[in-house]
4 protein chains.
Amino acid sequence: MSKINKIAVFTSGGDAPGMNACIRAVVRTSLYLGYDVAGIKQGYQGMIDDNIEDMNRHSVSNIMQLGGTILKTARCLAFKTPEGMQQAYDNLKKRGIDALVAIGGDGTFTGAERFSATYDIPVVCIPGTIDNDLFGSDYTLGFDTATNTVIEAIDKIRDTAESHDRLFFIEVMGRDAGCIALRAGIASGAEAIMLPEKDTAISDLIDMLEKGAAIKKSSSIVIVAEGDKNGGAFGVAKKVKETFDFYDTKVTILGHLQRGGSPSSFDRILGSRMGYAAVKALINGDYRKMVGLRGNEIVLTDLKEALNEHEFKLEDDLMEMATVLA
Amino acid sequence: MSKINKIAVFTSGGDAPGMNACIRAVVRTSLYLGYDVAGIKQGYQGMIDDNIEDMNRHSVSNIMQLGGTILKTARCLAFKTPEGMQQAYDNLKKRGIDALVAIGGDGTFTGAERFSATYDIPVVCIPGTIDNDLFGSDYTLGFDTATNTVIEAIDKIRDTAESHDRLFFIEVMGRDAGCIALRAGIASGAEAIMLPEKDTAISDLIDMLEKGAAIKKSSSIVIVAEGDKNGGAFGVAKKVKETFDFYDTKVTILGHLQRGGSPSSFDRILGSRMGYAAVKALINGDYRKMVGLRGNEIVLTDLKEALNEHEFKLEDDLMEMATVLA
Amino acid sequence: MSKINKIAVFTSGGDAPGMNACIRAVVRTSLYLGYDVAGIKQGYQGMIDDNIEDMNRHSVSNIMQLGGTILKTARCLAFKTPEGMQQAYDNLKKRGIDALVAIGGDGTFTGAERFSATYDIPVVCIPGTIDNDLFGSDYTLGFDTATNTVIEAIDKIRDTAESHDRLFFIEVMGRDAGCIALRAGIASGAEAIMLPEKDTAISDLIDMLEKGAAIKKSSSIVIVAEGDKNGGAFGVAKKVKETFDFYDTKVTILGHLQRGGSPSSFDRILGSRMGYAAVKALINGDYRKMVGLRGNEIVLTDLKEALNEHEFKLEDDLMEMATVLA
Amino acid sequence: MSKINKIAVFTSGGDAPGMNACIRAVVRTSLYLGYDVAGIKQGYQGMIDDNIEDMNRHSVSNIMQLGGTILKTARCLAFKTPEGMQQAYDNLKKRGIDALVAIGGDGTFTGAERFSATYDIPVVCIPGTIDNDLFGSDYTLGFDTATNTVIEAIDKIRDTAESHDRLFFIEVMGRDAGCIALRAGIASGAEAIMLPEKDTAISDLIDMLEKGAAIKKSSSIVIVAEGDKNGGAFGVAKKVKETFDFYDTKVTILGHLQRGGSPSSFDRILGSRMGYAAVKALINGDYRKMVGLRGNEIVLTDLKEALNEHEFKLEDDLMEMATVLA
C-alpha cells in the first residue's frame, strides 16, 4: 500500500444519531493533519454512482447537533457484485481517494472488509448503529441517544392517569438484540421487559404482572423489543388479553423515531473520538480495523474479529438488577 | 341556592397536560377569595367513595410542570345510576362542599350537568382534553402540548436517512376528531393527513404521494388519525402496500404518550386562566357553565349548549393551506 | 403598480423561531399560485449586496423544524440612506422582483414602509420577534417558543433541592416589553415578576418574598426582564442582598438561547398561516399591510397604523392573576 | 460491628440528576434482600433533627424520572461538631438504623468517613455530583445529564442568526473542575473553552478567535467554566471587549438549571447500579467504600483513598482533540 493522500468517509445502513459528529471529526482531523478529504453520499451506492464531493472544514460546520447523517445512507445490492465493487473502486481511484472511513453496522463492515481485501485499500470502520450489537465496543454510536428517546416517551406514558387494570405495551427497536429494551426498561422502571434473546412465556409475564398488582402497582409498563418471539407489542398484548380479558391494554410502537433526534452529549463525544481515532489509525497504517470504546479508552479491533465474534452484550447482572428494582 | 362556602375540584375522563395548572388555580383562587377548597380523587368514583381531601395552598405547590393530574381520573359507571349520584351528593354534603369545578371532556360535562340539575348544586366545567373537540372554546386544555409532542416525534422521523421509496405512517390520537392530526400535519410538513372527518380513499392518497414522488420528494410522511376509516396507520399501510408493493412502509403508533409530558406554556396559562375564571364564575352565580377561550378572552358558555352543539373545528382554511404547503 | 410576477421574501432584525415555517409558506404559496419567488439573504443588507437567490419548493424542504432563519438576518445601516435604498431597488428590478414579504420587528417594518412608499413597490410585513410587542397581532412569531424555552429552564431550577433561604433570579429577554417575563412567570409559578413596564421597588419585592417565606415556601424564583429598572437580574440580586444578607441568591441569565430552538407547533402553524396570508394579500392588492392573528383569525393592519400604535399588551388581568396564584 | 438490620439512605451537598434512581435502588434492593430501610431528609441536618422516615417499595414509585432528590439536601455545620455527630448517632440508634448509604460529593464523603470511624457504623458512599470531580469513578451521578442540559442550551444559541462579529460567552458550572466545560465544549463544537485548570490568557483566546474569523466562521461560541481565572463569562467578555471593541458580545449564565432536569438514561442506570451495589457492599461487609464506575464495571474504592487522591480527569487527549475539531 502506498502513502495516503486523500481519505473518504461515508455512512451506510440504518442511520444513527452521532454520525454527523463522526463525519465532522473525520473531515477536520484529516485536514488538520494535512490530508484531503471527501464525502461519499448514500454509502456504497454513492461510491458506485460517483456521488462524491470534496469536503472542507465548512462542509461540516454546524452539523454536530443534527440527527441523521448529512451524507445519507442507502441500501446497495450492486456492491455485493464484483462489477459493483469494481465500479466503486474505479470512481475512488479517479478521484484520488486512497483510504476509507466507513460508519455503519454489521453489513457495512462486511462490505468494507471485502472491498479492502480485494483492492488492498486501507479501511477503518466505526460502529454506528442504535442497536449496540457489535463486538469490540462497549457502546455503538447512537445507542445512548436512542435510549434517551425511548425513556422520554415512556416517561410521558407514566404521566397518564393510573388505574389498577391498565397495561401499556411499548415496542422498541431490536430485531435480534435487546440492548435498547433492557437499558430503557431499567431507566424507565418498566414492570417487565421482553427481549429477543429470552423466550419469555406469556404466562411468566402474567405472573410478573400479577405479582405487581398484588403489591398495589397502579399501572404497568411492559417494554417489548420488536424481535420478541410473541410477535411484538401487538402480539404480546393480544395474548395477554386472551388470557386476562379484564386488562385495558394500550400499545405504542415507537418505530423509526428512535433513530432520529439530536444526538446526546455522549454520542457527540463518542462520534468525535471515533472519527478522530479512525483517521489516526489510517495514518498509522492500522488498516481493516474497527474503532471501539472500552471503558474510557478508544481501542482498535481487527475487522475480521469484530465480524466473527458475537458479543452477548445483554449483561446478565443488569437483567438481574432490573428484576430486583422493578 | 345558598351561599357558597366550600368548593371542590376534580378531574375526570382521559387526562390532559395542563390539568394540574388548572387544579392549582382553582385551589389558590378559592383560598385567596376566602373559600374553603377540597380535591376529589379519581373523579366521580372518588365522589362516591368519599375519596376527598381538603386542600391548602401547599397541596398544589410545584405541580404546574407535571403531566397528568394529581387528582387522578377514573371511569365510573356507578355515577350514571340514581343511587351513585345520591351517594356522591351525600358525601359532598357531609363535607360541606357546596360547589364544584369539573375538569374533563364530553362525558364529564354530561354527568356534571345532570348532577347539578338534580341536586341544585352549582357546577362550572373546564374543557380538559387533548382532542380539542368541544364547543365553546378555541382550545381545550392539553391540545397544545399534545400537538407539540406529536411534532417532536415526527421531527425525529424526518431525521432518518431519506430514500425515494420510503413511506412513514404515524398514527395520532383522534377517534372522532382530526384536530391533532391536522395541526400536527401542518406543523410537521406531512405529505398527507388522514382524518376521521374525511373519507380519504387509498387511491387518492396514492395519487398525492405519487405527485410528491414526481416532484422528487425523498421520503414521505403520512399522519393518520386513529379514527381514520381505513383502520388506522396499520390499515392504511397495508392497503398502500397491496397496491404499490415497492414501497418500504414504516409504522409508528404514538398512543398514550400523547396524553403525557410536561404542559406547554400555553396550556399552563390556559389552565391557570380557566381555573381562575371558574372560581370567579361560581362566586358570581354563573352556574352550569363551561369556561372557554375565544380569541384572547375567557368566555362562559351554557353547559347545555356546549353539550348540544357540535363545532366543526376542522378548519377548512387550514386544511386547504395544508394541501398547498405540503 | 403593475401586475406582480415575482415575490421576494426576507428576514430582518433579531431572528425568531417560526421564521423558517413562514419562509416556506411564502415560497410554496407563491409557486402554487403561479408566481416566481426569491429569497434575499441577510435582510436589507442582502438587498443592497444583491445576495439574492431564486427559490423552488425544494429550497424550503425540511426547514420547518429548524430554529433561526435559513435566510439569515443582519443589521443594515446603509438601507437608511437614499443611496442604499436605490441600490436595493436596482437589484430587485434587475432580478424582476416586484413584491416583497418582510419578516421581522419594528425596525424591519419602518424600513419596509419607507421603501414601499418611495418606490411604489408592494410590501406585506409579518411580525417575527420573540418579544410579542407589536400592534395588530395577539401573538408575534416566536413568542410561544421563547416562552416554552424559558419555562423549561425554570422547571429545571425548580428541581434543585429546596431550602428556606434560597432565591433564584432568572433574567429573561425584554428590553421594553415584559411579555415573556409575565407569561413565563405565570407558567412557571414564579414568586415574583419584575417588568420594564412596572417600577417595582426592591422593598416591594422583599415584602412579597417575605410573605412567601411566612407561608413556608421552600424556595423562591424571581423572573427579571432584562429591561427592569433595577439593572437586570444581577442588579436586583445585589440590591436584595444588601438589604437581607442572609439570602443565598443565585443568578441565571438565559440570554440568546431564548431566540433559538425548534419552533413550537403554535409558531410553525402561525408562521405558515402568516406566510400564506401575506402572499394572498399581495396578490389581492393589499399593500403596505401587516399580517396579524386576532383570536383565531388572520387579519391585516395598515402598516402605518401598526407602527404608530403601541399596544399595551401587558394584560392587567394576567398580572392580577399572577399575584393571586403565586 | 454487628449484623445489619436496617439501612438508611440520604443525599447531601448539591443535588444531582439521578439521585432519585439511586435512592430507589437502595430502597428496593434492601427490601428485596430482607432489610428494613429508611430515608433521612436533608442529609446530615435531618440526621440531627431526626427527620427520618421508614420507606417501603411504594415510597420510591415513579421517582426515577424526577430531577433533584426526594430526600432533599441541606448544608449542615452542626454535623462538624462532636455534639452534632452524637445527636445524629443517637437518632439512628433509636430507630435501629445500623448502616448508611450516603449520596453526595467530597464534603459528604468527609463527614461520612469521620462518622463511620467514630461510631464504627458501616457506611458506603455514592458519588452524586454534576461536577465529575471525584476519584474512583469515570463518571459521577448527574454529570451526563448536566452535560446534555448544557449542549441543548448551546444548540439554541447556535440557531440564532449568524454574523461575523458576534461572540457568545456561555458560563457553565465548575468552580474547580472543568469537566462540564470540556465535554460540553466538544459536544457543542465550541470555538474555545476556558477552564479553571488552565490559565488561558485573554490574548490567547483572541488569537484563537481571530484564527476562526480568518477561516470565515460566522459566529463564535466560548464556553467559560465559572471557576475560570478571568472572572467567569462576564469577566472574559469584558476583557475581550476592552481589546477588540468591535465585537458584539453576548453572555449567558446557565447557573442552577444545570443541576436540574429529568435524568438521562445513562444517569438513571448509573444511579440504579450504584445504589444496588452499595447495598450489596454493605451486606458483604465492604465498609467505608465508595462505589464507582470503571469502564463498564462497578468497583469499590476505599473511602479514604477516594478523599485523598485527586484525579486529574481533564483528559489531555480530549483537550487536544477539542482544539483539532473546533
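**Exercise 1. The inside strand of chain D**

Ala99(D), Val101(D) and Ile103(D) point to one side of β4(D), while Leu100(D), Ala102(D) and Gly104(D) point to the other, and all are buried. Keep in mind that you're looking at a predicted model. Your task: work out how many residues of strand β4 of chain D are buried, and which strands pair with β4(D).

*Solution.*
Step 1. Start with the cover. Strand β4 of chain D spans residues 99–104, and six of its six residues are buried, so call this strand mostly covered; buried here means under 20% relative accessible area.
Step 2. Look for a partner. Strand β1 (residues 6–11) of chain D runs parallel to β4(D), and five bridges join the two. One handy marker is Thr11(D), whose bridge partner in β4(D) is Ile103(D).
Step 3. Look for another. Strand β5 (residues 123–127) of chain D also pairs with β4(D) in the parallel sense, over five bridges. Here Ala102(D) stands opposite Cys125(D).

**Exercise 2. Laying out the sheet**

Switch to chain A. In what order do the seven strands of its open sheet come, and which strands stand at the edges?

*Solution.*
Step 1. Write down the order: β3-β2-β1-β4-β5-β10-β11, with mixed pairing.
Step 2. Check the ends. β3 (52–54) and β11 (297–302) of chain A each have a single partner strand, so one side of each is left without a neighbour in the sheet.
Step 3. Get the twist. Ignoring direction, neighbouring strands are turned by 25° against each other on average.
Step 4. Zoom in on one pair. Strands β5 (residues 123–127) and β10 (residues 289–294) of chain A pair in the parallel sense over two bridges, and Val124(A) has Lys289(A) as its bridge partner in β10(A).

**Exercise 3. Around a lysine in chain C**

Find Lys289(C). Which residues is it in contact with, leaving aside neighbours within four places in sequence?

*Solution.*
Step 1. Place the residue: Lys289(C) lies in strand β10 (residues 289–294) of chain C.
Step 2. List the contacts. Lys289(C) touches Val123(C), Val124(C) and Cys125(C), and also Leu300(C), Thr301(C), Asp302(C) and Leu303(C).
Step 3. Try a distance too. Lys289(C) and Ala25(C) are 264 residues apart in sequence, and their C-alpha atoms are 18 Å apart.

**Exercise 4. How chains B and C fit together**

What rotation superposes chain C on chain B, and how many salt bridges cross their interface?

*Solution.*
Step 1. Superpose. A rotation of 180° with 0.0 Å of shift along its axis does the job, with RMSD 0.0 Å. That's the relation of a two-fold axis.
Step 2. Find the axis in chain C: the nearest C-alpha is that of Gly295(C), 1.6 Å from it.
Step 3. Compare the surfaces. The same surface serves both copies, as 100% of the contact residues of chain C recur in chain B. Each side puts in 48 residues: 48 from chain C and 48 from chain B.
Step 4. Size it up. About 4200 Å² is buried between chain C and chain B, with 53% of it on carbon and sulfur atoms.
Step 5. Count the charged pairs. The rule finds six salt bridges across this interface. Asp155(C) forms a salt bridge with Arg268(B), with the closest N and O atoms 2.6 Å apart.

**Exercise 5. An aspartate in chain A**

Is Asp155(A) buried or exposed, and which residues of chain D does it touch?

*Solution.*
Step 1. Asp155(A) sits in helix α5 (residues 143–159) of chain A.
Step 2. Its relative accessible area is 13%, so Asp155(A) is buried.
Step 3. Asp155(A) touches Gln65(D), Ser262(D) and Arg268(D), not counting residues up to four places away in sequence.
Step 4. For contrast, no contact joins chain A and chain C; their closest C-alpha atoms lie 10 Å apart.

How values were computed: Residues numbered from 1 in each chain as written. Chains lettered and ligands numbered in written order. Predicted model: local features only at pLDDT ≥ 70, side-chain atom pairs only at ≥ 80, totals over all residues. Heavy atoms only, no water. Pairing = 2+ DSSP bridges. Helix = DSSP H or I, 4+ residues; strand = E, 2+ residues; numbered from the N terminus. Axes fitted to C-alpha atoms, helices over the stretch in contact; angles between N-to-C directions. Least-squares fit on C-alpha atoms with pLDDT ≥ 70 in both. Contact = heavy atoms within 4.5 Å. Buried < 20%, exposed > 50% of the residue type's maximum accessible area, 1.4 Å probe, protein only. Buried area = accessible area lost by both parts, 1.4 Å probe. Salt bridge = Lys/Arg side-chain N within 4 Å of Asp/Glu carboxyl O.
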